[in-house]
Amino acid sequence: MSYDHTKIERKWQRAWVKNPALTRARTTSKGKKIYVLDMFPYPSGEGLHVGHTEGEVATDIYSRFLRMKGYNVLHPMGWDAFGLPAENYAIKHKVRPAKVVKDNVANFKKQMSAIGLGFDWSREINTTDPAYYKWTQWIFLKLFEHGLAYEAKAPINFCPSCKTGLANEEVVGDGACERCATKVERRNVRQWMLKITAYAERLLQDLDELDWPEQLKAMQRNWIGKSEGAELDFRVYHEKQNKVLFALINEKGETLIEKRKGGAFEGKWLFPGGKIESEDADMVQAAIREIQEEAGFGVKDIEYLGFLGYFHPTAGNGNIPLLVFRTKKKNAKPSGDTGHELKWQSVDEVPQEYGHDAFIEMFRGVRDAVRERKIFPSSISVFTTRVDTVCGATYVVLAPEHPLVQKNILGIENYTEVSAYIDTAKNKSDLERTTEAKGKTGVRLNGVRAVNPATGRAVPVFVADYVLGGYGTGAVMAVPAHDERDFAFAKAHGLPVEEVIAQNITSSKNTPTDLVQAFTDDGVLVRSGEFNGMTSHEARIAITKAVSGRSMVKYKLHDWIFSRQRYWGEPIPLVFCEHCKNQASDSKLRTLTKGELLNPGWIALKEKDMPLELPNVKSYEPSGTGESPLAKIEKWVKTKCPRCGGSARRETNTMPQWAGSCWYYLRFIDPHNTKALVDKKKEKYWMPVDVYVGGAEHAVLHLLYARFWHKFLYDIGVVSQKEPFHKLINQGLILGPDKQKMSKSRGNVVNPLVIVAQLGADVLRMYEMFMGPLEDAKPWDTSGIAGIRRFLERTMKIVHKSVGAVREKPPITAEKYSEVLLHKTIKKVTEDIENFRFNTAISAMMILLNELEKQPPLPISVCRALVLLLAPFAPHLTEEMWEMLGGKGSVHAQKWPTHDKQLIQEDEFDLVVQVNGKVRDVLRLPKGITESDALHHATDSEKVKKFIAGQEIKKKIFIQDRLINIII
């Protein structure tokens, strides 16, 4: 009988369409359930290739097997259809993105059906469906309501080709866009951010509870980047600074400064304030002394806020800082014993040649600066995990994004050079900056010094792009003797390298500057004053306390950039209202949410007004100015404020592609619910996802984002579990024939439908599983695919031979052997499918077939068992053979065969022989052997003799049919 795969597959695919219940999850909340999920695909125009189908075939086999085992299986499919590819295609071909997506989805479904993938299509979802993204918008508004979404204008990764911002996770390789490989630039663009950092510790700790590949969990741990250390303050000043200017404000922000006509300040242009004397620890102390002595306030009455900037007089020398203090006293009156009164500060007496107008402008900016949080500390805070090395800090490095550098508050004398360096750094990705040349590039800030809090020594300050503004404090203390990157930087710039940590006291070099490489391990402190002789652990505690440091934890993880300047994405359901912005500071308005208080003027849409649908547009071309094409649709942008009813404008940025994929697994549970994201009873029954299959490339994108959203939904009571995905399996890539990743640009894509047409869908399915372990990467090589075709042809032949044949009785020994092998195969295939070892399951069935072919026509029961084992792998052909064998109903609705434990019980076992707990040999012996016989065989082994020769056996540990341990 010939194997006409085209005829057979067409026949059964039509039958399955008429009987969709075969692959549908039962609508119940009782019984054994298994939720099997694929990372749902983006429906691209190229369609599926054999690399895509590998994971989907694996989950289909697993799901069919579980249904036959009696489980209620949820195995759905949908489409992650927002994003740049459809939009770029629409721009190029002048067609609506929705049309592109619709056509691509139809093609994907056609391919999946042709391969025999049995998804529950009654639960199909599409992220571009307004009925779906209504709930994506709902989740965003809940994040906004709880203060986890905020607007920021910050340096972002900007792709000039895609003309949109990218999250750090979307920049790959040598600073390239993950989507189009264009070199990424750094730009300041208004964005919406999500506070994923608020969940950093939970995202880290809960990884331990997951059955995920350790490699993937390590990738998430590294991306989150937890560091435990201390924050220290390095006072900064300008070398020519010898005077201090200060402003004292009250609770209303009004400037309160004493005005005198005589005394110590008479004749000085700098008023109020004074010269920094040698007894003052720093300029802050100088100002506090003046306030105490001249205004009568005590230390407890004064709160130091920071400094507004440096006043650079047009005459004379110096860079004078304007420090800002706030009195805690409500009346803002000085003590009575001074005889003075606080009055409004007059600056009219400042001589013109000293920059009269700039002086006035600076003072007038105090109130706004405090209100807008533009006051800066007079010290640089640095975060370090090695506070024990602080005495060896010979310079300080600021990130190019650090506000003290960006605004030149410190009065940097070579700011033209510094500014040029900052501009260069803008166009480098974080990856480039942290790996390039070990951080050797940088510029010294001429005129600026920092004071080491442990030694009191002034050290130079640099700007260097290997320090990132978004990690830690954007500043580091550099200890070249004990950090490889700092060592390379110090050597490149001729800076001191001073050893302060040694392996032990005697190993310390005679001079502190002759190290040839950094010593980065813990050790004993040397050249560290009172801390000498302490271990690194002891010193971290002692030094942190001595310098008033702050023990804390930092994370490398950044907040998630959650907006794109494109059209094809979920609209963000917010409007901006000037009236509500002006009212946001009014404490009487108690109805504002945390998000509306955090983002003054931004008001959330009401749930009844969602979904906020994308408008129809004529042009999808992004502006490239930081705004999406939606900004040009004035009729859509202009709207009414849902809070006050006044004029407002919509947010025109859209959500990133990752938004819809963060929670899609929940919607599969209850896809048609119009009143809630998911029904609580259904969610509790189906969650968590039991098995999730997808590529490891999503480790720090989709998987991290989805875990964050899920934890938030857990916090607000929407879901019942802390984690969404219990078990994760990463399928390896199927590479092109050229051993490169399959891509249209390389021309190495293999279309699965070509194989289906030539050899059949069942052959394709089995070959993809037979190529090697699912998690391994392997190149596409069809040299072995003919063997799979022959295996299926032989199976069909043996079944056909047995149908209606007069059976000869085989010899008893052969019959016994075949029966035992059959039941061993049932056990093997069952265990292999359960553990996703599909290649070895297929091998076991091949071995069984080889044996069965030696026998006369097989009993129908044996043929049926073989067909049932093969059914999840070759769903079309097994349906045909089941029908041939007279089976009732679909083969996929039958019970999975079980093995006879008694029949396959072995008469022999492997005895593990240990000597003092170490395995020295493994012996094949009869079951039930006595301890004395086991010892005899063990001591007679040549591998064991050499370990016990001439030794007295002191003790024996014997475990029946498993192990003997000889203690000598």
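Here is a walk through two helices, α7 and α22, with their salt bridges, and then a third helix, α29, in a predicted model.

Start with α7 (residues 214-224) and α22 (residues 702-715), whose axes come within 11 Å and cross at roughly 75°. That crossing makes α7 roughly perpendicular to α22. On the α7 side, Leu216, Gln220, Trp223 and Ile224 make the contact, and they meet Leu703, Leu704 and Arg707 of α22. Sort the residues of this contact by type and you get five nonpolar, one polar and one charged.

Arg707 has another partner too: it forms a salt bridge with Glu723, with the closest N and O atoms 2.7 Å apart. Glu723 sits in the loop between α22 and β31 (725-730), 16 residues from Arg707, and both residues are buried. Further along α22, Lys711 pairs with Asp206 at 2.4 Å, N to O. Here the chain separation is 505 residues, with Asp206 in the loop between α6 (200-205) and α7. Asp206 and Lys711 are buried as well. These four residues belong to a network of salt bridges that also takes in Glu209 and Lys722.

Within α7 itself, Lys217 bridges to Glu214 at 3.2 Å, three residues away, about one turn of the helix. Lys217 counts as buried at 5% relative accessibility, whereas Glu214, at 52%, counts as exposed. The whole structure has 48 salt bridges.

Now jump to α29 (residues 875-884): nine of its ten residues are buried, so the rest of the structure largely encloses it. Trp882 and Met884 are among those buried residues, and the cover includes α1 (5-18), α2 (50-68) and α28 (860-870). Just past the helix, Gly886 takes a positive phi of about 80°.

How values were computed
Residues are numbered from 1 along each chain as its sequence is written. This is a predicted model: local features need pLDDT of at least 70, side-chain atom pairs count only at pLDDT 80 or more; totals for chains, interfaces and linings use all residues. Side-chain values use heavy atoms; hydrogens and water are left out. Buried means under 20% relative accessible area, exposed over 50%, partly exposed in between (1.4 Å probe, protein chains only). Helices (H or I, at least four residues) and strands (E, at least two) are DSSP runs, numbered from the N terminus. Contact means heavy atoms within 4.5 Å. Axes are lines fitted to C-alpha atoms, for helices over the stretch in contact, and angles run from 0 to 180 degrees between N-to-C directions. Angles under 35 degrees count as roughly parallel, over 145 as roughly antiparallel, 65 to 115 as roughly perpendicular and the rest as oblique. Ala, Val, Leu, Ile, Met, Phe, Trp, Tyr, Cys and Pro count as nonpolar, Asp, Glu, Lys and Arg as charged, and the others, Gly among them, as polar. A salt bridge is a side-chain nitrogen of Lys or Arg within 4 Å of a carboxyl oxygen of Asp or Glu.
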